[in-house]
Amino acid sequence: MKIISYNVNGIRSASTKNFFGWLQATDADMICLQEVKALPSQIPEIIVLIEQLGYHHYWFPAEKKGYSGVAILTRIKPNHVEYGCGEEWIDKEGRILRADFDTFSLMSLYMPSGSSGDERQLKKYDFMRFFDTYIADLKIDYPNLIISGDYNICHTAIDIHNPKSNANSSGFLPEEREWMELFLTNGFIDTFRHFNKDPHHYTWWSFRANSRAKNLGWRIDYHLATQPLLERLKKVTILPDAIHSDHCPVLLELTP
């Protein structure tokens, strides 16, 4: 089973860069999208393409048009889809969507960025505190859980191209890194690092200074899986050659 997480930085923009041709070639079973930046009603041609590829599709856009929003595409119809998390401000921003299947649940997550200033950084901290409690409770009923998405946090120094100069940058602040460490300690596996301990593997690059060509990136997109799924983890691959966004996709493969 192949599961992709991809912050597409606008589904309409990605679709102009052969995103759907690429997606067809990947033959993925499930895709978690972040920053779709569209309502389904705004993209009828894209909906047709998705359905032609054989996917059921579920969308949780932000109230603000052209902003945020998550989606899940899946060839296996879920038993249940949960839209949002019940926290009003988070749900207005379209950040959490979950699909429940027979043997596991899959969440598409788009954590807030704090890079625009102090106010949004405080909102990010609010989200992190809420998410801790929300997931701790959710795991009781859904112990086989995969949370795929853009966490907007680099966990360790090998997850960012220049840890010293970025020590005070949102996304690599000590408080954020400590949160990620604690989140993993509380029952999650960083599936990429389970297989690969090497540096220089990134999922996001600034549009500035030719950063992508120089591989001056950040690893902020993850598939985090609960411990009971450990034996089903087969492989995780970052796909930097897929260029439809400032992020690249991450592919998780599970055994049946």
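A residue counts as exposed when its relative accessible area is over 50%, and as buried when that figure is under 20%. By that yardstick K64 is exposed, because its relative accessible area is 57%. Keep in mind that what you're looking at is a predicted model. K64 sits in the loop between strand 3 (56-60) and strand 4 (70-74). Its C-alpha atom is 8.9 Å from that of K37, although the two positions lie 27 residues apart along the chain.

K64 and K37 also turn up together around a bit of enclosed space. Rolling a probe the size of a water molecule over the atoms shows where empty space is left. Here, the search gives 1 cavity of 30 Å³ or more, and the volume of the largest cavity is about 40 Å³. Its lining takes in K37, A38, L39 and Q42, along with P61, A62, K64, K65, G66, Y67, S68 and G69. Sorted by class, that lining has 5 nonpolar, 4 polar and 3 charged residues.

Now for the open spaces. The largest pocket holds about 290 Å³. It's lined by 17 residues, and S113, S115, N152, W204 and I220 are the closest to its centre. The lining is a mix of 8 polar, 5 nonpolar and 4 charged residues.

Which residues does UniProt list as "binding site"? The unreviewed entry names N7, E35, D150, N152, D246 and H247. Those residues span 241 positions in sequence, but no two of their C-alpha atoms are more than 13.0 Å apart, so they gather at one spot. As for where that spot is, the lining of the largest pocket includes N7, E35, D150, N152, D246 and H247.

The same unreviewed record has a second list, "active site", with Y110, D150 and H247. These span 138 residues in sequence, yet no two of their C-alpha atoms are more than 12.7 Å apart, so they too gather at one spot. The largest pocket's lining includes Y110, D150 and H247 as well.

Let's walk through some of these residues, starting with N7. You'll find N7 in strand 1 (residues 2-7). Is N7 buried or exposed? With a relative accessible area of 0%, N7 is buried. Beyond its sequence neighbours, N7 touches Q34, E35, Y110, D150, D221, S245 and H247. A polar atom of the N7 side chain also lies 2.9 Å from the backbone nitrogen of N9.

E35, one of the contacts of N7, belongs to the loop between strand 2 (30-34) and helix 3 (44-52). At 13% relative accessibility E35 counts as buried, since the cut-off is under 20%. Away from its own stretch of sequence, E35 is in contact with N7, V8, N9, G10 and I11, and also with S68, G69 and Y110. S68 and G69 are familiar from the lining of the largest cavity.

Next comes Y110, which is in strand 7 (residues 105-110). Y110 is buried, with a relative accessible area of 8%. Its side chain makes a polar contact with the side chain of E35 at 3.4 Å. Setting sequence neighbours aside, Y110 is in contact with N7, Q34, E35, S68, V70, R95, D150 and N152.

H247 appears in both the "binding site" list and the "active site" list. H247 lies in the loop between strand 13 (233-238) and strand 14 (250-254), and it is buried at 3% relative accessible area. What joins the side chains of H247 and N7? A polar contact of 3.4 Å does. Among the other residues in contact with H247 are Y6, D150, T203, W204, W205, R212, I220, D221 and A242.

One more open space is worth a look. The second largest pocket comes to about 210 Å³, and its lining is made up of H161, W204, S206, F207, R208, S211, L216, W218 and D246. By class that's 4 nonpolar, 3 polar and 2 charged residues. Two of these names have come up already: W204 is listed with the residues closest to the centre of the largest pocket, while D246 is on UniProt's "binding site" list.

How values were computed:
Residues are numbered from 1 along each chain as its sequence is written. This is a predicted model: local features need pLDDT of at least 70, side-chain atom pairs count only at pLDDT 80 or more; totals for chains, interfaces and linings use all residues. Side-chain values use heavy atoms; hydrogens and water are left out. On a 1 Å grid over the protein atoms alone, a cavity is a set of points where a 1.4 Å probe fits but cannot get out, and a pocket is an open set with protein on both sides within 12 Å along at least five of seven lines; lining residues have an atom within 4 Å of a point. Grid points are joined across faces, edges and corners, and a volume is the space filled by probe spheres set on the points. Ala, Val, Leu, Ile, Met, Phe, Trp, Tyr, Cys and Pro count as nonpolar, Asp, Glu, Lys and Arg as charged, and the others, Gly among them, as polar. UniProt positions are given in the numbering used here, feature names are shortened, and annotations may be inferred rather than shown by experiment. Helices (H or I, at least four residues) and strands (E, at least two) are DSSP runs, numbered from the N terminus. Buried means under 20% relative accessible area, exposed over 50%, partly exposed in between (1.4 Å probe, protein chains only). Contact means heavy atoms within 4.5 Å. A polar contact is a pair of N or O atoms within 3.5 Å; within protein, one must be able to donate a hydrogen and the other to accept it, and residues adjacent in sequence count only if both atoms are side-chain atoms. Lists of a residue's contacts leave out its neighbours within four places in sequence.
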